[in-house]
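Here is a short walk through a protein and the DNA strands beside it. Have the viewer open as you read.

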Amino acid sequence: MKLIEVYTQLFNGIWFAIAINNQYVEASSFGKNQQTAIINVLINIPFELPFQIFHEPTITAKQALMHLKCIYDGKDVESNLSLATARLPTYTKKVLKATSSIPVGYVTSYGLIAKAVGGGPRAVGNIMASNPFAPIVPCHRVVRSDLSLGGYGLGLEAKMELLKREKRGFTSSREITINSASLAVFPVEHVLRNFTTNFLGKS
DNA sequence: TGCAAACCATAAC
DNA sequence: GTTATGGTTTGCA
């Protein structure tokens, strides 16, 4: 059995980590320090699989890590990384796929995803909470139905930071299509406005 | 606003 | 099989 390779890299004060298994990304994460980035990746790789942590990323690993950084920066990059989703439950795959199709600059809610793919809001929330592929699968673009932030595994501050960088100036909501179902998405600005009125300018 | 109840796939026993 | 667990939502006072 092949070893899962774990790599880390520091970009602009943020540590990024990725676990690679035979070209497939098993898990990815980021954090303020190297240790938490590594831990967040390790908790998402299957318990029975052996892994090794490398100090110097290979060329391909470095490219993958750079890709993470681009996403973190809010750039609209298309992912050429293959995610190891094979062993995940069918429903989980459906939810992650739906989440992946939320465009940069928009957000949607747990409940609306549930309506689009079936199931309930809390089930969707649970899957977001255990998303192994942050920020590749943009679970930070999923918020509460009232457009308040909701939660985030890597900290609400990080969720906020990501969303701020994804502002595109969109003003109206739109619909995207997921397997013949439609999903409404809203400009990320709505969340940010909501956030400031809730926490700063309440009067 | 705030609280209670319904919601639903997973993981853990 | 059963239970516990939420990054939720909705209705009602």
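## The sheet

Before we get to the sheet, one rule: two strands count as paired if DSSP finds at least two bridges between them. Keep in mind, too, that this is a predicted model.

With that rule in hand, you can trace an open sheet of 4 strands, in the order β7-β6-β9-β8, with mixed pairing. Its edges are β7 (142-143) and β8 (174-178), each of which pairs on one side only. Strand β6 (residues 106-109) runs parallel to β7, and 2 bridges join them. If you want a spot to look at, find Ser109, which stands opposite Val143 in β7.

## DNA strand B

Start with the residues around DNA strand B, of which there are 9. Pro89, Tyr91, Thr92, Gly120 and Arg122 come nearest. By class, this surface splits into 3 nonpolar, 4 polar and 2 charged residues. Look at the DNA side and you'll see that, of the strand B atoms within 4 Å of the protein, 65% belong to sugar or phosphate, with the rest in bases.

Two of the contacts here go from the protein backbone to phosphate. A polar backbone atom of Tyr91 sits 3.3 Å from a phosphate oxygen of DNA strand B, and a backbone N or O atom of Thr92 is 3.2 Å from a phosphate oxygen of that strand. Arg122 goes for a base: a polar atom of its side chain lies 3.2 Å from a base nitrogen of DNA strand B. The elements that give two or more residues to this surface are α3 (90-100) and α5 (121-129), and α5 gives the most, with 3 residues.

## DNA strand C

Now move over to DNA strand C, which has 18 residues around it. Asn126, Met128, Ala129, Cys139 and Arg144 come nearest. The class split is 8 nonpolar, 7 polar and 3 charged. Of the strand C atoms within 4 Å of the protein, 39% belong to sugar or phosphate and the rest to bases.

Which parts of Arg122, Met128 and Lys159 meet the bases of DNA strand C? For Arg122 it's the side chain, with an N or O atom 3.1 Å from a base nitrogen. Met128 uses its backbone, where a polar atom is 2.4 Å from a base oxygen. Lys159 has a polar side-chain atom 3.4 Å from a base nitrogen. On the level of elements, α4 (110-117) and α5 are the ones that give two or more residues to the surface near DNA strand C. The largest share, 7 residues, comes from α5.

So Arg122 is worth a click in both views: its side chain has a polar atom 3.2 Å from a base nitrogen of DNA strand B and an N or O atom 3.1 Å from a base nitrogen of DNA strand C.

## The largest pocket

Last stop: the largest pocket, with a volume of about 380 Å³. It is lined by 21 residues, and the closest to its centre are Ser79, Ser100, Ile136, Val137 and Pro138. The elements that give two or more residues to the lining are α2 (59-72) and α3, with the largest share, 4 residues, coming from α3.

Which domains supply the lining? At least three residues come from each of domain 1 (4-83) and domain 2 (90-199). As for chemistry, the lining has 11 nonpolar, 5 polar and 5 charged residues.

How values were computed. Residues numbered from 1 in each chain as written. Chains lettered and ligands numbered in written order. Predicted model: local features only at pLDDT ≥ 70, side-chain atom pairs only at ≥ 80, totals over all residues. Heavy atoms only, no water. Near = heavy atom within 4 Å. Polar contact = N/O pair within 3.5 Å; in protein donor to acceptor, adjacent residues only side chain to side chain. Nonpolar A, V, L, I, M, F, W, Y, C, P; charged D, E, K, R; others polar. 1 Å grid on protein atoms, 1.4 Å probe; cavity = no way out; pocket = protein on both sides within 12 Å on 5 of 7 lines; lining within 4 Å. Points joined across faces, edges and corners; volume = space filled by probe spheres on them. Domains from an automatic or database assignment.
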